[in-house]
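Work through the exercises below with the sequence and the structure in view. Each task is followed by a solution in steps.

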Amino acid sequence: MRKYLVTGAAGFIGSQLCNRLKREGHWVIGMDNYNDHLYSPTLKHHRVEHFGIDVLNVDLRNEEEMDNLIDGINPTDIIHLAAHAGVRDSFGKEKQYHANNIDGTQNLIDACKRHAPDARIVYASTSCVFAGSELPWTEGKETGKQLNPYGWTKWANECQMQGSGLHTVGLRFFTVYGPWGRPDMALFDFTKNILAEKPITVYNYGDMKRDFTYVEDILDGIECVLNNDVDAGEIFNIGRGAPVQLMDFISEIEKNTGKSAIKLMAPQHPADTLETFSNTSKLETLGYHPTTNIEDGIRNFYKWYMEYNSGR
Ligand SMILES: NC(=O)c1ccc[n+]([C@@H]2O[C@H](COP(=O)([O-])OP(=O)(O)OC[C@H]3O[C@@H](n4cnc5c(N)ncnc54)[C@H](O)[C@@H]3O)[C@@H](O)[C@H]2O)c1
């Protein structure tokens, strides 16, 4: 029997991954430290309650706690999603991001070496590692010129994992969105402000594209890797492969809310790349096929957002 341990399990992606694995009848347990780094832990607790998943309160940065966790569970597979995940937020917080994402990940690696050396670690990286390389972004074409501290901690994670000697597989997620999403990300933030008739900040005067990827497609991609024998050290993109103009994304939110956005046009943010575009042909060889377009994805998010906030 496989034993799945999900780190960052109270998070946007982690909670829905635990729920999916549990529904499929798998043995799964999560860990999270419920921090208030990017948004309130209340939403994290609500996700865990809503999905009825088991999440232990453990901090990646605590070596002893991580040793006890891995020793106690002895997982066959670890899906490592715990991280400080803010692209723009990471500016000026380099030490905090290093401590959490690089040192924390090293604690996980070291605990596995000591207590579960045969476990497979499937870990979250990011499309940010491709910054500066030619579009569409294909594995192996990255330049190592990340534009923000978050991106370089994830790049370091890839190096740490590949150098660990453990069976590790990396997944580069492209802008994930959907129900139970993060309040710090554009879809949640724009929806909230448009409904409240407050301004939204539109960087690079709206001239940006993102390869928005629906959360269920991301879970499909993770499962493609979990359900296949993938060689140690491999890295896969998980994206939609269909970049969307930022202004079209905003129009879609306006359609759902029935309100016009008050747009504060701003220059390019130094953390931002202007376009992301995934080539997912490598993951397609394992059966990956994203199915949710931006119209359906935003509609699903909006429906969840209204239900979640009604009466709160
Ligand atoms: N959402 C996206 O668009 C996106 C894109 C690319 C990569 N990723 C990566 O996917 C992963 C999940 O992202 P998400 O969007 O679900 O973010 P999230 O912030 O909702 O989830 C991350 C979870 O990790 C937990 N965590 C952070 N530091 C921890 C620590 N020291 N100990 C224990 N738990 C800790 C947080 O409390 C949080 O619940 C992250 O690694 C992120 O970098 C996300």
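## Exercise 1: Strand 5 and its partner

His80 stands opposite Tyr123 in strand 5. The model is a predicted one, in which local features need pLDDT of at least 70, side-chain atom pairs count only at pLDDT 80 or more, and totals for chains, interfaces and linings use all residues. Residues are numbered from 1 along each chain as its sequence is written.

Task: find how many bridges join strand 4 to strand 5, and state whether the two run parallel or antiparallel. Then determine how covered strand 5 is.

Solution.

Step 1. Helices (H or I, at least four residues) and strands (E, at least two) are DSSP runs, numbered from the N terminus. Two strands pair if DSSP finds at least two bridges between them.

Step 2. Strand 4 and strand 5 are parallel, with four bridges between them.

Step 3. A residue is buried if 20 or more other C-beta atoms lie within 10 Å of its own, exposed if 12 or fewer, and partly exposed in between, with C-beta atoms placed from the backbone. In strand 5, seven of seven residues are buried.

Step 4. One side of strand 5 carries Arg120, Val122, Ala124 and Thr126, while Ile121, Tyr123 and Ser125 point the other way; all are buried.

## Exercise 2: Two helices

Task: compare the reach of helix 4 with its expected span, do likewise for helix 1, and list what covers the buried residues of each.

Solution.

Step 1. The expected span of a helix is 1.5 Å times one less than its number of residues.

Step 2. Helix 4 (residues 94-115) has 22 residues; from first C-alpha to last it reaches 30 Å, close to the expected 32 Å. Helix 1 has 12 residues and reaches 17 Å, close to the expected 16 Å.

Step 3. Among the buried residues of helix 4 are Tyr97, Asn100, Asn101, Gly104 and Leu108. An α-helix has 3.6 residues a turn, so residues three or four places apart point the same way.

Step 4. Contact requires C-beta atoms, placed from the backbone, within 7 Å. The cover over the buried residues of helix 4 includes strand 1 (3-7), helix 3 (63-73), strand 4 (77-80), strand 5 (120-126) and helix 5 (149-162).

Step 5. In helix 1, nine of the 12 residues are buried, including Phe12, Ile13 and Leu17. These buried residues of helix 1 pack against strand 1, strand 2 (27-32), helix 2 (41-51), strand 4, strand 7 (176-177) and helix 7 (215-226).

Step 6. Just after helix 1 comes Gly25, with a positive phi of about 90°.

## Exercise 3: The shell around the ligand

Task: which residues come nearest to the ligand, and which element gives the most to the shell around it?

Solution.

Step 1. A residue is near a molecule or strand if its C-beta atom, placed from the backbone, lies within 6 Å of it. Of the 28 residues around the ligand, the nearest are Gly8, Gly11, Phe12, Ala83 and Phe173.

Step 2. Helix 1 (12-23), helix 4 and strand 5 each supply at least two residues of the shell. Helix 1 gives the most, three residues.

Step 3. Ala, Val, Leu, Ile, Met, Phe, Trp, Tyr, Cys and Pro count as nonpolar, Asp, Glu, Lys and Arg as charged, and the others, Gly among them, as polar. The shell then divides into 13 nonpolar, 10 polar and five charged residues.

## Exercise 4: Unusual backbone angles

Task: locate a cis peptide bond, and describe the positive phi values of Glu197 and Asn204.

Solution.

Step 1. Most residues other than glycine have a negative phi, and most peptide bonds are trans.

Step 2. The bond joining Leu135 and Pro136 is cis, with omega about -10°. Pro136 lies in the loop between strand 5 and helix 5.

Step 3. Glu197 has a positive phi of about 55°. Glu197 belongs to the loop between helix 6 (186-195) and strand 8, and is exposed because 10 other C-beta atoms lie within 10 Å.

Step 4. Asn204 has a positive phi near 50°. Asn204 sits in the loop between strand 8 and strand 9, and counts as partly exposed because it has 14 C-beta neighbours inside 10 Å.

Note on methods:
Contact = placed C-beta atoms within 7 Å.
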